[in-house]
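Reader: I have a protein chain to read and I am new to this. Can you take me through it step by step?

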Amino acid sequence: MTGAALAALVVGVILERVPVLVTGGGVLVLLVLLAALGGRRSGREEPPAARIALARIEDLRATGGETADVPVTFRLTVAPEPADERPAYRVKISQSVNLVDIPAYRPGGTAVVEYRPDKPWDVRVVTRPTPEWSRRAEAAEIDSAPESTLVSDPDAVTGSWCVVGLVALLAGAALVVLVFRGELFTSDDPPAASKPPSSSSSSSRTFSTSTTVSGPSSSLLTFGRMRATAMELETRVGTAYVTAITIEDHRMAVRGDSALPPAETVHLQSLPYELLPGLVREARTTLGVRDPESWRIDVTPGTGGGLGPRVRVTVSGAEGTAHLDADATGRVTDRRAVGVS
C-alpha cells in the first residue's frame with residue numbers, strides 16, 4: 001500500500017490527475033497515522049527490569065581487535081533464579097571484554113550474567129559483579145542445557161523480511177504505474193479522442209499527437225522502426241492523412257486537420273521510411289557539421305500542384321545548423337551547408 005500510494009502521488013503530479021493525487025496522498029497520510037498510533041501504543045508498555053543470574057560458559061572465542069577491549073563470542077547456559085520459573089537455556093552472544101579480564105573466563109567456568117525475562121536472548125556478562133554474586137559463581141555447579149534450548153534474537157533474521165518488504169513496495173508502485181502506462185509512456189500529448197470536438201463543425205477536427213520509443217536499440221533510425229511507429233500513430237489519430245510529420249531520434253509526432261483535402265496532406269504510409277536513415281547519414285557527414293548533436297526530419301505537403309511531400313533533414317552541432325531537402329523518392333533536391341547563406 002505504501003508503494004502504491006507513493007506511485008499514485010508521482011503519477012498524479014505527472015498526469016495532472018487530481019483524484020489520483022488526492023487518493024495517493026490520503027492513503028499515505030492514513031498509513032503514517034496508523035504507524036504512529038501503533039508506535040505510541042507499544043511505547044506505553046514498560047519492559048521488565050533486567051535480572052541477574054549465573055551462567056555456565058560452554059565455549060568462548062575472541063574474534064579479534066586492535067584495542068584493549070576484544071570482541072568475544074560466548075556460548076552460555078543461563079540458569080535463571082528459581083523465582084523466575086524459567087528452565088535453563090542456551091544462548092550465543094558477542095561482547096567486548098578487556099584483555100585483562102579474558103583469563104577469568106574459561107570453558108566450563110561460571111559467569112555472572114544479566115538478562116531480560118521478556119527477551120531471554122538479550123544477555124550480558126557482568127564483568128564486575130558484586131561480592132555476593134562473585135562468591136555464588138565460585139561455588140556454583142551448573143549443568144549444560146541441551147542444544148535444543150538455544151534461543152536467538154528474532155530481529156537478527158529481519159534481513160529477509162526487509163527484502164520481502166522492498167519487493168512488496170516495488171510491486172505496489174509497479175501496479176499503479178501499470179494501470180496508467182498508456183498515458184505515461186505512449187503519448188506526450190493527450191489522445192485526440194479526449195479533446196472536445198470543434199464548435200464550428202462536428203465532422204472536422206484538428207489533431208496533434210506523438211509517441212516516444214524507448215529501450216535497447218530504440219532509435220528510429222533502426223530499420224523498420226519508423227514505419228512501425230507511423231502505423232501506430234495512424235491507428236491513434238484514426239487517419240493516414242496528416243499535414244506535418246516530425247521525426248527525431250526517439251520521437252515521432254504528427255499534426256493534421258481532417259477538413260483539408262488529401263492533396264494538401266501527406267499520406268503516412270506513402271513515405272520512403274527505409275530511405276530516410278540514409279538521408280540523415282548524408283546530412284550528418286556532408287553539410288559541414290563535424291560532430292552533430294541532434295537531427296530532425298520534417299515532412300510537409302508539396303507546395304505546387306502534382307508535387308509530392310517535401311522532406312527536410314536538419315542537423316545541429318557546435319558549428320551551427322544545416323539542412324538538406326529531398327522529394328518523396330528520397331532524392332536530394334537542395335542542401336544548405338554550414339556557412340552557406
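Reader: Let me begin with one helix. Across which strands does helix H3 lie, and at what angle does it run to S1?

Author: This is a predicted model. Helix H3 covers residues 131-139. The strands it lies across are S1 (51-62) and S4. Its angle to S1 is about 55°.

Reader: What is the strand order of the five-strand open sheet?

Author: The pairing in this sheet is antiparallel. Neighbouring strands are turned against each other by 45° on average, direction ignored. The order is S3-S2-S1-S4-S5.

Reader: Which strands stand at the edges there, and why is one side of each left without a neighbour?

Author: Each edge strand has a single partner strand, so one of its sides has no neighbour in the sheet. The two strands are S3 (89-98) and S5 (119-125).

Reader: Which residue is the bridge partner of Tyr115 in S5?

Author: Start with the strands. S4 (residues 110-116) and S5 pair in the antiparallel sense, over four bridges. In S5, the partner of Tyr115 is Val123.

Reader: Back to H3. Which residue forms a salt bridge with Arg136?

Author: Side chains of opposite charge can pair when their charged atoms come close. For Arg136, the closest N and O atoms of the pair are 3.1 Å apart, which is within the 4 Å cut-off. The partner is Glu81.

Reader: How many residues apart are Arg136 and Glu81?

Author: Arg136 sits in helix H3. Glu81 sits in the loop between strand S2 (69-79) and S3. The pair therefore links distant parts of the chain, and the separation is 55 residues.

Reader: Are Arg136 and Glu81 buried, partly exposed or exposed?

Author: Buried means under 20% relative accessible area, and exposed means over 50%. Arg136 has 33%. Glu81 has 23%. Both values fall in between, so Arg136 and Glu81 are partly exposed.

Reader: Which residues are joined with Arg56 into one salt-bridge network?

Author: Take one pair to begin. Glu58 forms a salt bridge with Arg56, with the closest N and O atoms 3.5 Å apart. Arg56 is partly exposed, at 24% relative accessibility. Through shared partners, Arg56 is joined with Glu58, Arg75, Arg90 and Glu147.

Reader: How many salt bridges does the count come to?

Author: One more example helps. The side chains of Arg251 and Glu248 meet at 3.8 Å, N to O. Arg251 is partly exposed at 28%, and Glu248 is partly exposed at 29%. The count comes to 17 salt bridges.

Reader: Now the other sheet. What is the order of its seven strands?

Author: This sheet is open too, and its pairing is antiparallel. The twist averages 15° from one strand to the next. The order is S6-S9-S8-S11-S12-S13-S14.

Reader: Which strands stand at the edges of this sheet?

Author: An edge strand has a single partner strand, so one side is left without a neighbour in the sheet. That describes S6 (206-212) and S14 (332-336).

Reader: Which residue in S11 is the bridge partner of Ile245?

Author: S8 (residues 244-247) and S11 (residues 294-300) pair in the antiparallel sense. Three bridges join them. The partner of Ile245 is Val299.

Reader: What angle does the direction of helix H6 make with that of S6?

Author: Helix H6 spans residues 225-237 and packs on the sheet. It touches S6, S8, S9 (251-257) and S11. The angle with S6 is about 140°.

Reader: At what angle does helix H7 run to S12?

Author: Helix H7 spans residues 276-286. It lies across S8, S11, S12 (310-317), S13 (320-326) and S14. Its angle to S12 is about 40°.

Reader: Which helix gives the largest share of the nonpolar patch on the surface?

Author: The patch is formed by Leu6, Leu166, Leu169 and Leu170, with about 350 Å² of accessible area together. Leu6 lies in helix H1 (residues 2-15) and is partly exposed at 39%. The largest share is three residues, and they come from helix H4 (residues 158-179).

Reader: Last one. What share of the 341 residues is buried?

Author: The protein has seven helices and 14 strands. Its accessible surface comes to about 20,300 Å², with 57% belonging to carbon and sulfur atoms. The buried share of the residues is 32%.

Conventions
Residues are numbered from 1 along each chain as its sequence is written. This is a predicted model: local features need pLDDT of at least 70, side-chain atom pairs count only at pLDDT 80 or more; totals for chains, interfaces and linings use all residues. Side-chain values use heavy atoms; hydrogens and water are left out. Two strands pair if DSSP finds at least two bridges between them. Axes are lines fitted to C-alpha atoms, for helices over the stretch in contact, and angles run from 0 to 180 degrees between N-to-C directions. Contact means heavy atoms within 4.5 Å. Patches are made of residues with over 30% relative accessible area and no salt bridge: like charges are joined within 9 Å, nonpolar side chains (Val, Leu, Ile, Met, Phe, Trp, Tyr) within 5 Å. Accessible areas come from the Shrake-Rupley method with a 1.4 Å probe; for residues, only the protein chains shown count as cover. Buried means under 20% relative accessible area, exposed over 50%, partly exposed in between (1.4 Å probe, protein chains only).
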